[in-house]
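Let's take a stroll through one protein chain and see how its strands and rings fit together. Have the picture open while you read.

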Amino acid sequence: MASEEVVDLFDEQGRRVGTAPRREVRRDNLRHGATGIAVVNGAGEVFVHRRADDKDVYPGRWDFLAGGVLQHGERPEESAARELSEELGINGAALHPLGEGDYADDATRYHAFLYLVRWDGEVSFTDHEVAEGGWWTVELLRERIQLSDWSFMPDSVALMGHRLDELTP
């Protein structure tokens, strides 16, 4: 039997204050750490993907940030690199910090560590967390975020939706 994933908990100042099993973090909506990584190619397009339908939070929604929960003791950069590899098959890309932020709703509460990656290589969905994806212009992304028939991740929109122009050179 595989051991249960342990997650670091964070306070309102972005400091680690404890740990909890991931299932408890989800069940009790405990404040934890997470990464969000925007992937942009040389043409200035953002990689946008649809989350798998079996994800524990917001299944099937569209997202323009890869990322996930910081595991116990993991540095944000380590988590971001791991998540890029697991979700999009991107390895060895330079991470450019975009700052930190906070997000909370009825499904999740976390302190975010945000990054930008410039990537012109292949993208592959290696861990079944992504159902589909492709490169979109910032203009198309902005338009689709506004349309009600496109369901985007509310945390990504709240944390980076107003900063989309910062993603392109």
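Which residues point one way from β4, and which point the other way? Val46, Val48 and Arg50 are on one side, while Phe47, His49 and Arg51 are on the other, and all of them are buried. Keep in mind that this is a predicted model. The back-and-forth pattern fits a simple idea: in a regular strand, side chains alternate between the two faces of the sheet. Six of the six residues of β4 are buried, so the strand is largely enclosed by the rest of the structure.

Who are the neighbours of β4? On one hand there is β8, which runs antiparallel to β4 and is joined to it by six bridges. Here histidine 49 stands opposite glycine 133 of β8. On the other hand there is β5, which pairs with β4 in the antiparallel sense over two bridges. In that pairing, arginine 50 stands opposite tryptophan 62 of β5.

Now for the rings. A pair of aromatic rings is described by how far apart the centres are and by the angle of the planes. The structure holds eight aromatic pairs, and the table shows two of them.

| Pair | Centre to centre | Angle between planes | Kind |
|---|---|---|---|
| Phenylalanine 47 and tryptophan 135 | 5.2 Å | 75 degrees | edge-to-face |
| Tryptophan 62 and tryptophan 150 | 5.1 Å | 55 degrees | tilted |

The pair of phenylalanine 47 and tryptophan 135 links distant parts of the chain: phenylalanine 47 is in β4 (residues 46–51) and tryptophan 135 is in β8 (residues 130–136), 88 residues apart. Why does phenylalanine 47 count as buried? Because its relative accessible area is 6%, and buried means under 20%. Tryptophan 135, with 28%, is partly exposed.

The pair of tryptophan 62 and tryptophan 150 also links distant parts of the chain, with tryptophan 62 in β5 (residues 62–63) and tryptophan 150 in the loop between α3 and α4, 88 residues apart. Tryptophan 62 counts as buried at 14% relative accessibility, whereas tryptophan 150 is partly exposed at 21%.

These two tryptophans have company, too: ring pairs link Trp62, Trp136, Trp150 and Phe152 into a cluster. What sits over the ring of tryptophan 136? That's the charged end of arginine 144, 4.7 Å from the ring's centre.

Finally, a word from the records. An unreviewed UniProt entry carries the annotation "domain: Nudix hydrolase" for residues 30–158. Over that stretch the chain is 21% helix and 33% strand, and the end C-alpha atoms are 19 Å apart.

Technical notes. Residues are numbered from 1 along each chain as its sequence is written. This is a predicted model: local features need pLDDT of at least 70, side-chain atom pairs count only at pLDDT 80 or more; totals for chains, interfaces and linings use all residues. Side-chain values use heavy atoms; hydrogens and water are left out. Rings of Phe, Tyr and Trp (its six-membered ring) pair if their centres lie within 6.5 Å; planes under 30 degrees apart count as stacked, over 60 as edge-to-face and the rest as tilted. Helices (H or I, at least four residues) and strands (E, at least two) are DSSP runs, numbered from the N terminus. Buried means under 20% relative accessible area, exposed over 50%, partly exposed in between (1.4 Å probe, protein chains only). A charge sits over a ring if NZ of Lys or CZ of Arg is within 6 Å of the ring centre and within 35 degrees of the ring normal. UniProt positions are given in the numbering used here, feature names are shortened, and annotations may be inferred rather than shown by experiment. Two strands pair if DSSP finds at least two bridges between them.
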